[in-house]
Amino acid sequence: MDGLEYKRAKYNWWVQRFLLREERMAVKYSHYLIADNMVIRDYFLEKYGKESRYVAYGADIPDGYHEDCLKEYGLTRDGYLLVIARMEPEYNIDMVIEGYRGSGQYGKRPLVIVGRLTTSFARRIVAEYAGDEHVRFVDGIYDTDRLNAIRHFSFAYFHGHSVGGTNPSLLEAMATECFILSYDNVFNKVILGDQALYFRTSDEVTTLLNGLEQTAGQYKAAFTRENLEKVRTLYSWDKIVDDYEAFFVEVMKENNR
């Protein structure tokens, strides 16, 4: 381990210790806990012996999609694979790239990666794959209509997030009817269930992509329809506002006794 790697490892160790300490303090001194994912709720109970109220995160379902937005990025309907994520290691972007480069989809459809390119991790992987015309890095897109269109018209969408909780971008992918290939962990699975394909390694990404034409024909319509219905019924902002209101009413009644 060289000096820079040692410094990074030491920094990460201190960050993890700090976050764990703050987590303990927050749980210990909070009167009420809210978890946005059932796995987090179970974690609070198992680790700290404290109950929490599950209230999900939410997403908006767009009224429509503007296919013309694709032209700005040189894309066509169903003609690309997509990643949208913060450019950090825990989102497994390099795993997806390596799996893609080893697959039969390589060169057939480009892999488009949307995320702000100013992080040190982003600079490293952009430099590493700079000579590969089939791996396209697009800076952050902050126009909602453009982003929704790029999601909706992708052939498949990679959700590589490996950290805890319910990730907003996963719900947004569901709301825009993406065919989702997801990193295999409990946080993602409790949201997606059987309505996604899963991977944990670059080899598994390659395997998924090699069979993608067949699995898309078999599952894409059903998966996207069922995930959209989940957003309507479980992750709509109207439902979430109602859930928070009901919780606040319970808290007020409890404190007024």
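**Exercise 1. Place N148: is it buried or exposed, and what does it touch?**

Step 1. N148 has a relative accessible area of 12%, so it is buried. The cut-off for buried is under 20%. Note that this is a predicted model.

Step 2. Locate the residue. N148 belongs to helix α5, residues 144–152.

Step 3. List its partners. Leaving out residues up to four places away in sequence, N148 touches P62, Y65 and T176.

**Exercise 2. Describe the largest nonpolar core: how many residues does it hold, and which touch the most other members?**

Step 1. Count the members. The largest nonpolar core has 32 residues.

Step 2. Find the hubs. L81, I93, L111, I113, F158, L181 and F199 touch the most other members.

Step 3. Ask which element gives the largest share. Helix α3, residues 93–101, does so with five residues.

Step 4. Look for a separate core. Another one, of 30 residues, lies apart from the largest; C69, L75, V114 and A173 are among its members.

Step 5. Set this in context. In soluble globular proteins, nonpolar side chains tend to be buried together.

**Exercise 3. Take L181 and list its contacts beyond four places in sequence.**

Step 1. Start with the run A156, Y157, F158 and H159; L181 is in contact with each of these.

Step 2. Add the rest. L181 also contacts L197, F199, L208, L209 and L212.

Step 3. Cross-check with the core. F158 and F199 are among these contacts, and both are listed with L181 as residues that touch the most other core members.

**Exercise 4. Classify two aromatic pairs: Y43 with F44, and Y100 with Y106.**

Step 1. Get the total. There are twelve aromatic pairs.

Step 2. Take Y43 and F44. Their ring centres are 6.2 Å apart, with 50° between the planes, and the pair is tilted.

Step 3. Check exposure. Y43 is partly exposed at 30% relative accessible area. F44 counts as buried at 12%.

Step 4. Take Y100 and Y106. The centres are 5.4 Å apart and the planes make 70°, so the pair is edge-to-face, the cut-off being over 60 degrees.

Step 5. Check exposure again. Y100 is buried, at 0% relative accessibility. Y106 is partly exposed, at 32%.

Step 6. Look for a cluster. Ring pairs join Y32, Y244, F247 and F248 into one.

**Exercise 5. Which rings lie under the charged ends of R109 and K189?**

Step 1. For R109, the ring is that of F155, with the charged end 3.7 Å from the ring centre.

Step 2. For K189, the ring belongs to Y198, and the distance to its centre is 5.0 Å.

Key:
Residues are numbered from 1 along each chain as its sequence is written. This is a predicted model: local features need pLDDT of at least 70, side-chain atom pairs count only at pLDDT 80 or more; totals for chains, interfaces and linings use all residues. Side-chain values use heavy atoms; hydrogens and water are left out. A nonpolar core is a set of buried Ala, Val, Leu, Ile, Met, Phe, Trp, Tyr and Cys residues joined through side-chain atoms within 4.5 Å. Buried means under 20% relative accessible area, exposed over 50%, partly exposed in between (1.4 Å probe, protein chains only). Helices (H or I, at least four residues) and strands (E, at least two) are DSSP runs, numbered from the N terminus. Contact means heavy atoms within 4.5 Å. Rings of Phe, Tyr and Trp (its six-membered ring) pair if their centres lie within 6.5 Å; planes under 30 degrees apart count as stacked, over 60 as edge-to-face and the rest as tilted. A charge sits over a ring if NZ of Lys or CZ of Arg is within 6 Å of the ring centre and within 35 degrees of the ring normal.
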